[in-house]
Amino acid sequence: MSGSREYDLPLPAGSRVADLVASLRAIPGLELPEHPVVAVNQEYAELDRRLESGDEVALIPPVAGG
Amino acid sequence: MISDREGRGGGSDGEGGGHEGAEHPSTVEVFLTDEPLESLDALRRVGTTADGATLTFEGRVRDLNEGRRVARLTYEAYREMAEKELRQICEEAATRFEVAEIVAAHRIGILELGEVSVSISVAAPHRAPCYEASRYVIEELKRRLPIWKHEEYTDGTASWVGAPEPPVGAGPGRPNERPRERQK
């Protein structure tokens, strides 16, 4: 952690968050948790959420605020 | 020092978010800042003469975490989402409990022992909703805010709190079920 990595991922129209996660898992050397926590456009989202062009998707590691 | 405050004049403090049947709307204001919360006036100025109760919670940096002596810590945030989620949490509290005003602030950056990391102020006509709203906001923000804590220990080691454990369950509202959640 410390900062974040950004990827621009081309995906077919109508892709879901789960499809994006699958694309990330295919990147060599990138380790993802088994059940990633995801946000779309700064709001928590489910894996079956449909994505639109320009959406910002973030994988959220275990939080520790407060 | 860069401050990410959203002050009263900025048009971004939420008016409304009041609950059904409220006679007056409740106000929510949130701050994410690297400046000391001890000097954030908005936390100290909650309430009007209609409010018989005000309450301020402060979370502070503690010198011990799971047996390890803490030297200092650093909070990092996904800022845009942290502000959004903090405002959402406060609006939920304002909807569920009869409060007039909630101001919540989280500090990011490097904090020394004893400094205030998070503060929540609530004003309400009556005290019971004050306590309930205050508790709701702190418990929810600890579960949901995309903020991470890097602790430095006096033995020279350091770690990201919670990092080795994968999240249990996912999805909005329940992003971070941590098996060893500690109450402050």
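Helices and strands are taken here as DSSP runs, a helix having at least four residues and a strand at least two, and they are numbered from the N terminus. With that in hand, please note that the structure on screen is a predicted model.

**Stop 1: chain B as a whole**

Select chain B and colour it by secondary structure. Two helices and eleven strands should appear. Followed from the N terminus, the elements come in the order β-β-β-β-β-β-α-β-β-β-α-β-β. The chain has 184 residues, and buried residues make up 47% of them. If a surface is displayed, chain B presents about 9200 Å² of accessible area, of which 48% belongs to carbon and sulfur atoms. Among contacts in chain B with a separation of 6 or more, 74% join residues 24 or more positions apart.

**Stop 2: strand β9 and B:Ser119**

Next, select residues 116–124 of chain B, which form strand β9, and centre the view on B:Ser119 within that strand. Is B:Ser119 buried or exposed? Its relative accessibility is 1%, so B:Ser119 counts as buried, the limit being under 20%. Show the residues around B:Ser119: leaving out those up to four places away in sequence, it touches B:Leu37, B:Leu43, B:Thr56, B:Phe57, B:Glu58, B:Val103, B:Ala104 and B:Ala105. Then draw a distance from the C-alpha of B:Ser119 to that of B:Cys130; these residues are eleven apart in sequence and 14 Å apart in space.

**Stop 3: strand β6 and B:Thr74**

Move to strand β6 of chain B, residues 68–77, and select B:Thr74 there. B:Thr74 has a relative accessibility of 19% and counts as buried. Which residues does B:Thr74 contact, apart from its neighbours within four places in sequence? They are B:Gly109, B:Ile110, B:Trp148, B:Lys149, B:His150 and B:Glu152.

**Stop 4: from B:Lys149 to other salt bridges**

One of the contacts of B:Thr74 is B:Lys149, which leads to the charged pairs. Side chains of opposite charge can pair when their charged atoms come close. Over all chains, the structure holds 13 salt bridges.

Begin with B:Lys149 and B:Glu151, whose side chains meet at 4.0 Å, N to O. B:Lys149 is buried at 14% relative accessible area, and B:Glu151 is buried at 2%.

Now select B:Arg69 and B:Asp63, which form a salt bridge at 3.8 Å, N to O. Here B:Arg69 is partly exposed, at 46%, and B:Asp63 is also partly exposed, at 38%.

**Stop 5: helix α2 and a network**

Select residues 127–144 of chain B, helix α2, and display the side chains of B:Glu140 and B:Arg143. Their closest N and O atoms are 3.0 Å apart in a salt bridge. Because the two residues lie three apart in this helix, about one helical turn separates them. B:Arg143 is partly exposed at 22% relative accessibility, whereas B:Glu140 is buried at 13%. Add B:Glu85, B:Glu92 and B:Arg144 to the selection: together with B:Glu140 and B:Arg143, they are linked in a network of salt bridges.

**Stop 6: a patch involving both chains**

Finally, select A:Glu6, A:Asp8, A:Glu56 and B:Glu80, which form a negative surface patch. Where does A:Glu56 lie? A:Glu56 belongs to the loop between β2 (43–45) and β3 (57–60) of chain A. With a relative accessible area of 36%, A:Glu56 is partly exposed.

Conventions. Residues are numbered from 1 along each chain as its sequence is written. Chains are lettered from A and ligands numbered from 1 in the order in which they are written. This is a predicted model: local features need pLDDT of at least 70, side-chain atom pairs count only at pLDDT 80 or more; totals for chains, interfaces and linings use all residues. Side-chain values use heavy atoms; hydrogens and water are left out. Patches are made of residues with over 30% relative accessible area and no salt bridge: like charges are joined within 9 Å, nonpolar side chains (Val, Leu, Ile, Met, Phe, Trp, Tyr) within 5 Å. Accessible areas come from the Shrake-Rupley method with a 1.4 Å probe; for residues, only the protein chains shown count as cover. Lys and Arg count as positive and Asp and Glu as negative; His and the chain ends are not counted. The place of a charge is taken as NZ of Lys, CZ of Arg, CG of Asp or CD of Glu. Buried means under 20% relative accessible area, exposed over 50%, partly exposed in between (1.4 Å probe, protein chains only). Contact means heavy atoms within 4.5 Å.
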